[in-house]
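Reader: I should like to request a close look at a single part of this model. Please treat the matter in one connected account.

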Amino acid sequence: MSGKLMAAVSTAVFLWAVPALADGELHIYNFGDYTSPKLIEKFKKQYNVNVTLDDYDSNETMLSKVRAGNSGYDIVVPSDYTVKIMIEEGLLEKTEPNAMPNGKNLDPRFVDVYWDSGRHYTVPWQLGTTAFSVNTDKYKGDIDTLAILFNPPDELKGQINMFVDINAFMHAAERYVGVPRCSRDKANLKKINDALMAAKPFWKSFGYDVIAKMTSGDVIVTQGWNGDSYRIRQKIPAVKYAYPKEGIEGWMDNVAVLKGAKNIDNAKLFQNFVMAPENAALISEFAGYDNGIVGSHKFLPADFAASPEITPPAGSPTPEFVPPCPPDVVEIYNKIWTNLRK
């Protein structure tokens, strides 16, 4: 065994001998209604760690708090494009999850990803797509087109809820009008703005509470994530998730450790913990999304992996994972968004 290999093994043993005993605290900051209570309870019991959990409503809210400093959190769960931003700004610890004991369970498709190639900082939490859901008891037409959102038939006008995720919202509009993502071209931006302003009268609301809006009958259509649609369908079997022909947004949320985290050993332990297939399954069971961990499906209901929200039908568009747009484009997006919400 070479000296370098011996040193690497010794380092690995040291890193995992200390937190394996565990105790103390772990402070997690995650999206709301997204963390399995069973997962947290299991982690607390297994490692005698007191876990506190706070939630946020968007990547932007979380990022603003972290940038301000002294957040008090150890773990955050940023989406792919936000991971890239946080790495570039030096906001995350390099924890080398790919070398952790459970790193072997990472789905190879999600190791060399644009936001963390080689998985030096983050591990998968949940992954999915953003499109929209339709109650097909109340609308019988073709739903696999973004025209449902931006130029709906008469029976859907005033019956649509739109998401308050600016990036997914703007990228959907870009796909609908046929322009590239993150375009600086003024003509393209005008097309997007014109399409959004024309569609605005057809929308009933903007909101994250898509499950409640659909299950209460408040709307017939809601933009949202595939896991939301899966959960809605458990209550309303007629709800169908769309795979629009113009394209669909892909995303992955990831467990990351904040730079200078007070409880860094427990944070690393948590990263390793969620890469165990049975633990990743607890997350999916609760949130309704796939997880990027090989072997997790055998711990989930048989119909989960086969559900149309999790496994797209043949011929569906390939999800597009969109890197963060340049700051000047984001500024224009924000102006369009602000004007639209007036």
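What is the handedness of the link of Cys182 and Cys325, and what is the angle about the S-S bond?

Author: The model is a predicted one, in which local features need pLDDT of at least 70, side-chain atom pairs count only at pLDDT 80 or more, and totals for chains, interfaces and linings use all residues. Residues are numbered from 1 along each chain as its sequence is written, and side-chain values use heavy atoms, with hydrogens and water left out.

The link of Cys182 and Cys325 is left-handed, with -65° about the S-S bond. The sulfur atoms of Cys182 and Cys325 are 2.0 Å apart, and the pair is a disulfide, a term that denotes a pair of cysteine sulfur atoms within 2.5 Å. By this rule the count comes to 1 disulfide. Cys182 lies in the loop between α6 (166–177) and α7 (186–199), while Cys325 lies in the loop between β10 (320–321) and α13 (327–340), so the disulfide ties together parts that are 143 residues apart in sequence. Helices (H or I, at least four residues) and strands (E, at least two) are DSSP runs, numbered from the N terminus.

As for accessibility, buried means under 20% relative accessible area, exposed over 50%, and partly exposed in between (1.4 Å probe, protein chains only). Cys182 counts as buried because its relative accessibility is 15%. Cys325 likewise counts as buried, at 10% relative accessibility.
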